[in-house]
Amino acid sequence: MKNIISNDTIIAPITSVTGGSVCVIRISGKDSILLAKKAIGPFDISKNKGNTLCHGYIKNNGNILDEVIIALFRKPKSYTGEDVIEINCHANPFIVNNILQTFLDIGCRYAEPGEFTKRAFLNGKMDLIQAEAVQDIISSQSKLAVNNAISQLKGSLSKKIDFIRNQIINISSFLTLDLDFADGDIEIIEPEKVREEIEILIRSIEELAISYNAGKKFSNPMEVVIAGKPNVGKSSLMNALLEQERVIVSEIPGTTRDYIHEEIIIKDIIVKFIDTAGIRITENSIEIKGIEKTIKLFSRARLILLMLDLSQEPNKEDKNILKFISKRFSDKLLIIGNKKDLNISEEMRIFLENVRIKKINISAKKIQGINILKEEIYKIHQEDSKTGLEEIFITNERQYTKLIETKTSLKKVLDALANGLGYEFLAVDLKSAIDKISEITGEIATDDILNNIFKNFCIGK
Ligand SMILES: Nc1nc2c(ncn2[C@@H]2O[C@H](COP(=O)(O)OP(=O)(O)OP(=O)(O)O)[C@@H](O)[C@H]2O)c(=O)[nH]1
Ligand SMILES: [Mg+2]
């Protein structure tokens, strides 16, 4: 893809071609209305005003390919900033292909991945943060992440980044002015003031950067690991949550050998459950080696469901596992007492009474207590979303990396000031800070940067 806006007219479906009853095909470019006039009838669509819808037919050599609704947008008031035609046709792959072929034959080119959004960026309809938000809106995995992406599309993050960028530019211009007057012995800006302003900017950058990790948590599904010794009913719980016999369950301990994960929606969040092989931890938890993979899962997960078998008295193994996990992960541990449909062991009851960790009793086999468990998981997610989150947060790794690079350059400016170096020595790092932050919104956008961003988009975006 070249960064000069190509002169040609591009076409691609912007919805799924199968499934649903309607598919939308977008045509964008300087000849889109002219080409539409050739293939759409029975009237002359080129006479339509911008932002209008009309009913018509797609024709090819006198044959009608489909009865359609056509939207017409005149530049610059369109998604791409160019003349745009959007054809709402029936979502049948044969029809869609016939329509695409008709337009390809008369002069359209098939759009590359992300090319509509790339054109929108190059035509000044949106900055890079907003272009990336388009992608995020479509792929977001929670309501919070969708809301964040929508807010970014409206420009909330861009404003914040622009503010920081303008401040750095201001400092830089004052310093240049200062250099120009160097002979006149006039100090336009005190070194102390420069230091203060840069420190404030570094703090704003850090706030945004911190929100990256919090933001990531909400862009991905909430991970919940089901753990416990063999045969307690972990896979049975997985099946109960999924409402299907997804995982093999048997009375033979050690049935599950590897990790099995599946996602379900609880209200408006996506939760990824991971069923693990039963863990065995010896007295001194020396055998950590064998469960390294499981520990990694525990570290990554938002919640660990530690399952115990209520029908059996607690043995050494149960106690070791509980001790091991609660020592390291007490802040994300929930004890699940399973098999409550059987006679509950008195020893287990007394044992659990003395454990100060939240517990829920269920029967995975008889599907009892499963909804209470789902409610609790949802509640934990909601409590998370109340804390540690800026309203505007960064979920994009590219933006995060550029922010950190900006901060590194600003820190170098601070170091130079602390070493009493003259303003001419600060200029290089200030320029580098401006360049880095400019890449976030796309004020500076090289071929490589843009190609890297848009290659991850799908065709039709
Ligand atoms: N009565 C009763 N039996 C259960 C319950 N949950 C599981 N079981 C039985 O316990 C046995 C073990 O169940 P699994 O779900 O395979 O246990 P697991 O923890 O995944 O076992 P491994 O994969 O071997 O670690 C099976 O015979 C299940 O039918 C329950 O709530 N009540
Ligand atoms: Mg299992």
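Let's start at Arg 349, which is partly exposed with a relative accessible area of 38%. The model is predicted, so please read every value here as computed from it. The partner of Arg 349 is Glu 346, and their side chains meet in a salt bridge with 2.6 Å from N to O. Glu 346 also counts as partly exposed, at 42% relative accessibility. Both residues belong to helix H11 (residues 346-353), where a spacing of 3 residues puts about one helical turn between them.

**Salt bridges**

That pair is one of 31 salt bridges in the structure. Side chains of opposite charge can pair when their charged atoms come close. Three examples are set side by side here.

| Pair | Closest N to O |
|---|---|
| Glu 346 and Arg 349 | 2.6 Å |
| Glu 206 and Lys 407 | 3.0 Å |
| Glu 115 and Arg 119 | 3.7 Å |

Within helix H3, Arg 119 and Glu 115 are 4 residues apart, about one turn of the helix. Both of these residues are buried. The pair of Glu 206 and Lys 407 spans a longer stretch of chain: Glu 206 lies in helix H7 (residues 191-219) and Lys 407 in helix H13 (residues 397-418), so this salt bridge ties together parts that are 201 residues apart in sequence. Glu 206 itself is partly exposed, its relative accessible area being 26%.

**Aromatic pairs**

Helices H7 and H13 turn up again among the rings. The structure holds 3 aromatic pairs. In one of them, the rings of Tyr 212 and Tyr 400 have centres 4.0 Å apart and planes at 15 degrees, so the pair is stacked. Tyr 212 sits in helix H7 and Tyr 400 in helix H13, so that this pair links parts of the chain 188 residues apart. Tyr 212 counts as buried at 6% relative accessibility, whereas Tyr 400 is partly exposed at 23%.

Another aromatic pair, Phe 298 with Phe 329, is edge-to-face, with 5.7 Å between centres and 75 degrees between planes. Here the link runs from helix H9 (residues 292-300), which holds Phe 298, to helix H10 (residues 316-329), which holds Phe 329; the two residues are 31 apart. Both Phe 298 and Phe 329 are buried.

**The sheet and helix H3**

Now for the strands. An open sheet is formed by 7 strands in the order S3-S4-S5-S6-S2-S1-S7, with mixed pairing. Its edges are strand S3 (40-41) and strand S7 (109-110), each of which pairs on one side only. S3 runs antiparallel to strand S4 (residues 52-60), and 2 bridges join them. Across this pairing, Ile 40 stands opposite Ile 58 in S4.

Helix H3 (residues 115-122) packs on the sheet and touches strand S1 (10-13), strand S2 (22-28) and S7. The direction of H3 makes about 130 degrees with that of S1. A charge-ring contact can be found as well: Arg 26 lies over the face of Phe 116, at 5.0 Å from the ring centre.

**A buried serine**

A last stop is Ser 235, placed in helix H8 (residues 234-242). Ser 235 is buried, its relative accessible area being 8%. Which residues does Ser 235 contact, leaving aside its neighbours within four places in sequence? They are Val 247, Ile 248, Val 249, Thr 256 and Asp 275.

Notes:
Residues are numbered from 1 along each chain as its sequence is written. Chains are lettered from A and ligands numbered from 1 in the order in which they are written. This is a predicted model: local features need pLDDT of at least 70, side-chain atom pairs count only at pLDDT 80 or more; totals for chains, interfaces and linings use all residues. Side-chain values use heavy atoms; hydrogens and water are left out. Two strands pair if DSSP finds at least two bridges between them. Contact means heavy atoms within 4.5 Å. Axes are lines fitted to C-alpha atoms, for helices over the stretch in contact, and angles run from 0 to 180 degrees between N-to-C directions. Buried means under 20% relative accessible area, exposed over 50%, partly exposed in between (1.4 Å probe, protein chains only). A salt bridge is a side-chain nitrogen of Lys or Arg within 4 Å of a carboxyl oxygen of Asp or Glu. Rings of Phe, Tyr and Trp (its six-membered ring) pair if their centres lie within 6.5 Å; planes under 30 degrees apart count as stacked, over 60 as edge-to-face and the rest as tilted. A charge sits over a ring if NZ of Lys or CZ of Arg is within 6 Å of the ring centre and within 35 degrees of the ring normal.
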